[in-house]
Amino acid sequence: MQLPREIVVGSRILQLVGETCRRLGFTHSSLVLIGPYTHDIAGKTVIESLQNAGFRVTELIIEQSNVATVELLRKGIRKSKPSVVLGIGGGKVIDVAKLGSAEEGVPFVSVPTAASHDGIASPRASIKDGDKSLSVEAQAPVAIIADTNVIIRSPYRLTASGCGDIIAKYTSVRDWRLAHKLKGEYYGEYAASLALMCARLVIRNAELIRRNVEESLRTVLEALISCGVAMGIAGSSRPCSGSEHLFSHALDRLAPKSALHGEQCGVGAIMMAYLHGANWKLVRDSLRTIGAPTTAKELGIEPNYVIEALTIAHKIRPERYTILGENGLTRGAAERLALATNVI
Ligand code: ZN
């Protein structure tokens, strides 16, 4: 199991980063990876905090998460030999920091500036190689420092997308249980319960989240972090990624312009909950209350791509057994499913 040692969630807490790093036993030098827009909103405060705690700081700015930027970070790490790498930003920066630091054997601290998906705390990284997106084993962050005062200023659409990624656990856990029953796959009750609890927590607090106040953001962040912990406990993304994630990955491949990860997973969860015979209307209504997309139109994706994605989703990761089975859905079945759930 790989788990974070310190999780700090609160308002105006970025100045605690240096102190937290010291407490974790890091000394002398640090490497800070930042996105093009996160320097002013968070990077500056974090760097000052590290310097005040006696750290030498090397700063690297990246715009994309791909094999080239991971290599750039690895070079930076070999050159400045930091005791710790910090990723400050949305998904892309965190992914690159997580993977590059893991490959160089340096601990990594996650400082998210948006609550858009569960990658802020998970041990896996999503990296682009050409036009393909790879999900690779990296390492769990040794600490997560999430400042609600910073994250509340990110576009609400990102937070709503994060909620979609959490509500998706409603179906991913059911897929895992199914794979256990039908394929004898290892199933961890604790990790599964934790992931499911996160989904329930967000469903229950949908009204509050919609108001986009710092207090509700805390719920979303804690749920996202707990999902990352559930993956750390399971030793894989199994509890948090099932058929609804396969559907989202399929859309990424097919649609000319895909929507956000969590938005697509949320819509996927509506349809997969229907297939599982679970309460799909609860999934849909919660997403709707939060303000996340529930239809192809709201995703900005043509119905045709939704249907096609449903028919190829089972091929994305054949070893991951889900409600889609080994043969997937026929075109007719896919169309009926999308129509029955009002996705198209
Ligand atoms: Zn996800």
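Let's start at Asn 149, which sits in helix 5, residues 148-151. This is a predicted model, so please hear everything I say today as a description of a prediction. Is Asn 149 buried or exposed? With a relative accessible area of 12%, Asn 149 is buried, because the cut-off for that word is under 20%. If we set aside the neighbours within four places in sequence, Asn 149 is in contact with Gly 10, Ser 11, Arg 12 and Glu 214.

One of those contacts deserves a stop of its own. Arg 12 lies in the loop between strand 1, residues 6-10, and helix 1, residues 17-23. Its backbone will catch your eye if you look at torsions: Arg 12 has a positive phi of about 50°, and it is not a glycine. As background, most residues other than glycine have a negative phi. Arg 12 is also exposed, at a relative accessible area of 57%.

There is another residue to put beside it. Lys 81 also has a positive phi, near 45°, and is not a glycine either. You will find Lys 81 in the loop between helix 3, residues 67-80, and strand 4, residues 84-89. Lys 81 counts as exposed, with 63% relative accessibility.

Now, on to the sheet. Which order do the strands take? This is an open sheet of six strands, ordered 1-8-5-4-2-3, and the pairing is parallel. Strand 1 and strand 3, residues 56-61, are the edge strands, and each of them pairs on one side only. Between neighbouring strands the average turn is 15°, direction ignored.

What happens to strand 1, sitting at an edge? Four of its five residues are buried, so strand 1 is largely enclosed by the rest of the structure. Its partner is strand 8, residues 143-147; the two run parallel and are joined by five bridges. If you want to follow the register, Glu 6 stands opposite Ala 143, and Ile 7 has Ile 144 as its bridge partner.

Helices lie against this sheet as well. Helix 3 lies across strand 2, residues 29-34, together with strand 3 and strand 4, and it runs at about 160° to strand 2. Helix 4, residues 91-103, packs on the sheet too, touching strand 2, strand 4 and strand 5, residues 108-112. The direction of helix 4 makes about 165° with that of strand 4.

Let me move to the helix packing, with helix 6 as our guide. The axes of helix 6 and helix 10, residues 214-234, come within 10 Å and cross at roughly 45°. That makes helix 6 oblique to helix 10, and the crossing is left-handed. Which residues meet there? From helix 6 we have Thr 159, Gly 162, Cys 163 and Ile 166, and from helix 10 Leu 217, Val 220, Ala 223, Leu 224 and Cys 227.

With helix 7, residues 169-183, the axes of helix 6 and its partner come within 5 Å and cross at roughly 25°. Helix 6 is therefore roughly parallel to helix 7. Here Asp 165, Ile 166 and Ile 167 in helix 6 meet Lys 169, Tyr 170 and Thr 171 in helix 7.

While we are in helix 7, have a look at Val 173. Val 173 is buried, with a relative accessible area of 1%. Not counting residues up to four places away in sequence, it touches Tyr 187, Ala 192, Ala 195, Leu 196 and Pro 239. The C-alpha atoms of Val 173 and Cys 240 are separated by 6.8 Å, with their positions 67 residues apart along the chain.

I have kept the metal for the end. What coordinates the zinc ion? The donors are Asp 165 through OD, His 245 through NE2 and His 261 through NE2, at 2.1 to 2.2 Å. Along the sequence, these donor residues are spaced D-x79-H-x15-H. Asp 165 belongs to helix 6, residues 156-167, and His 261 to helix 12, residues 261-276, so this pair ties together parts that are 96 residues apart in sequence. Asp 165 is buried, at 0% relative accessibility, whereas His 261 is partly exposed, with a relative accessible area of 26%. One small caution for anyone setting up this site: water is not among the atoms, so the coordination may look incomplete.

Terms used
Residues are numbered from 1 along each chain as its sequence is written. This is a predicted model: local features need pLDDT of at least 70, side-chain atom pairs count only at pLDDT 80 or more; totals for chains, interfaces and linings use all residues. Side-chain values use heavy atoms; hydrogens and water are left out. Donors are N, O and S atoms within 2.8 Å of the metal (3.2 Å for Na, K and Ca); water is not among the atoms, so sites may look incomplete. Buried means under 20% relative accessible area, exposed over 50%, partly exposed in between (1.4 Å probe, protein chains only). Two strands pair if DSSP finds at least two bridges between them. Axes are lines fitted to C-alpha atoms, for helices over the stretch in contact, and angles run from 0 to 180 degrees between N-to-C directions. Angles under 35 degrees count as roughly parallel, over 145 as roughly antiparallel, 65 to 115 as roughly perpendicular and the rest as oblique. A crossing is left-handed if the near helix is turned anticlockwise from the far one by less than a right angle, and right-handed if clockwise. Contact means heavy atoms within 4.5 Å.
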